[in-house]
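Me: I would like to learn how to read a ligand site and a chain interface in a structure like the one below. Could you take me through them in turn?

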Amino acid sequence: MNLLEKIDAAAAARKALLPNGVGAFGIPIEEVYSATEARIGDRRVLLLGTNNYLGLTFSPECIQAAHEAIDKEGTGTTGSRMANGSYFGHRALEKEFADFYQCSSSIVFTTGYQANLGTISGLVGPGDTVLIDGDSHASIYDGCILSGADIIRFKHNDVADMEKRLRRLGNRVETTLVIAEGIYSMLGDQAPLAEIVKLKNAYGCVLLLDEAHSLGVLGETGQGLVEKTGLLQEVDFITGTFSKSLCSIGGFCVSNHPQLEQLRYISHPYIFTASPSPATIASTRAALELLRKGSHLRKQLWNNCTQLYSALKEAGYVLGPDPGPVIAAVVDTPQQALLLWQQLLEHNIYVNLILPPAAPEGKSLVRCSVNAVHTENQIRYVGDTFAKLYSVISSHS
Amino acid sequence: MTDSNYDEIMQLLCDRLSSLTNSNAQISPETNLISQLSIDSIKLLNLIMEVEDAFDISIPINALADVQTVRELVDLVHKIKSVSQ
Ligand SMILES: Cc1ncc(COP(=O)(O)O)c(C=O)c1O
């Protein structure tokens, strides 16, 4: 098989899984009306498949800040910070992130994906070890691969398994980076951070926590799992993204280790890519301020989360262990997941479809994400629709 | 390489692979994990965790980049196990 034939074979395997040209992946969204509604084809749908946790995509403050930045500084920076310079906004946002996390150092990256790539590959290299949760996001895996360090996985959220693997490393723990996530994007469950920190301290390794899905969602001021657990000072490096609760694109890493600054000179995903555009930075700064002051938004978000989680649970669905803004119905077969996903769309509800091998343990997921500005009626409608569809799904194997 | 360690690893991996694939396909050292057994990347990564536990060793998953056949997988595990003893 030549190169292009190999790609055709992979495409055929994908098509076999999703018959009749079902466009579950990369579905065309024709118009976006608000943080909760859009048009898909000729349907006005309820959006339950975004990461817009605080519902800030149309916040007037963010939109105005972005407009002003475009007018003042233009549409793009046209280059990297290293070669083409750091705008005032880049530096200001870094200061604001450092202040938010009470940390001495902070770096802004162009995406959250690159924040993980750049941080991990800057911290470890060949001969070092990374010990990562088995359900880690692809950006963590890819960062580890880019680094050249030895990659060891532990069973998802299993601290006993993590300890066993740490012990096996012997004196290599000294050059080991442990990586976990605040909220995992597939099942919405949270890392057992207190136990992970205990092990990190006992074995003397370094800990990185990706707060991509927990930023804005957990903790009084929205710092994430570090704030909810009171363990901010125990985590060495925190990464995150602007693409979820901050409603733009970009990523960050914060730390109290001065060594973080060194990454600006060695980390390719920081150096060899254009810096975020002025509008992106400006709306992120406005969103970060709203996020910090947004305890009312978090309260609404959590009301919605618990309402939908209980509705789905009551209807009989198997869900992830923790209620939260990511609520995934776990079904046995890809066919069931596809049917549920299609039926929900027929009822004007857009959610995410996740098939193996992306979903853990060979299962398939129909994943909802809840946000702060979904109304009680919208959440009730989604819960009722899931309940109505339960028997259709369970009789279909 | 016919030491008992090597045979033990080969046996364990063949047993685990045949239960993972649920097929009656004959597994030989030259069997290709992906094209013949359809072992996807996640299954392979989880198998590696089991092998680590069975022999109390650490197998970096980046080393799997060079592994296509059952024999290559056994070679890798055997090499790591020998060094760790
Ligand atoms: C856990 C996790 N880390 C990192 C990222 C990457 O973020 P971004 O979308 O900014 O590239 C994501 C988002 O997809 C994620 O879920």
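Reply: Let us begin with the term polar contact, which stands for a pair of N or O atoms within 3.5 Å. Please keep in mind that this is a predicted model. With that cut-off in hand, a polar side-chain atom of A:T241 can be placed 2.5 Å from an oxygen atom of the ligand.

Me: Which backbone atom lies 2.7 Å from an oxygen atom of the ligand, and what is the distance for the side chain of A:H137?

Reply: The 2.7 Å distance involves a polar backbone atom of A:G112, while an N or O atom in the side chain of A:H137 is 3.2 Å from an oxygen atom of the ligand. As for cover, the ligand on its own has 390 Å² of accessible area, and the protein covers 84% of that.

Me: How many residues surround the ligand, and which classes do they belong to?

Reply: The ligand is surrounded by 14 residues, with A:G112, A:D210, A:H213, A:T241 and A:K244 being the closest. By class, the shell divides into nine polar, three charged and two nonpolar residues, and its largest share, three residues, is supplied by helix α5 (residues 112-123) of chain A.

Me: How should I read the interface between the chains?

Reply: The size of an interface is often given as the accessible area lost when the parts come together. Here about 1,300 Å² is buried between chain B and chain A, with carbon and sulfur atoms giving 50% of it, and 14 residues of chain B are in contact with 17 residues of chain A.

Me: How many salt bridges are there between chain B and chain A?

Reply: There are five salt bridges between chain B and chain A, including one in which A:R168 pairs with B:D56, their closest N and O atoms being 2.7 Å apart. On the side of chain B that touches chain A, seven residues are nonpolar, three polar and four charged.

Notes. Residues numbered from 1 in each chain as written. Chains lettered and ligands numbered in written order. Predicted model: local features only at pLDDT ≥ 70, side-chain atom pairs only at ≥ 80, totals over all residues. Heavy atoms only, no water. Near = heavy atom within 4 Å. Polar contact = N/O pair within 3.5 Å; in protein donor to acceptor, adjacent residues only side chain to side chain. Areas by Shrake-Rupley, 256 points an atom, 1.4 Å probe, with all protein chains shown as cover. Helix = DSSP H or I, 4+ residues; strand = E, 2+ residues; numbered from the N terminus. Nonpolar A, V, L, I, M, F, W, Y, C, P; charged D, E, K, R; others polar. Contact = heavy atoms within 4.5 Å. Buried area = accessible area lost by both parts, 1.4 Å probe. Salt bridge = Lys/Arg side-chain N within 4 Å of Asp/Glu carboxyl O.
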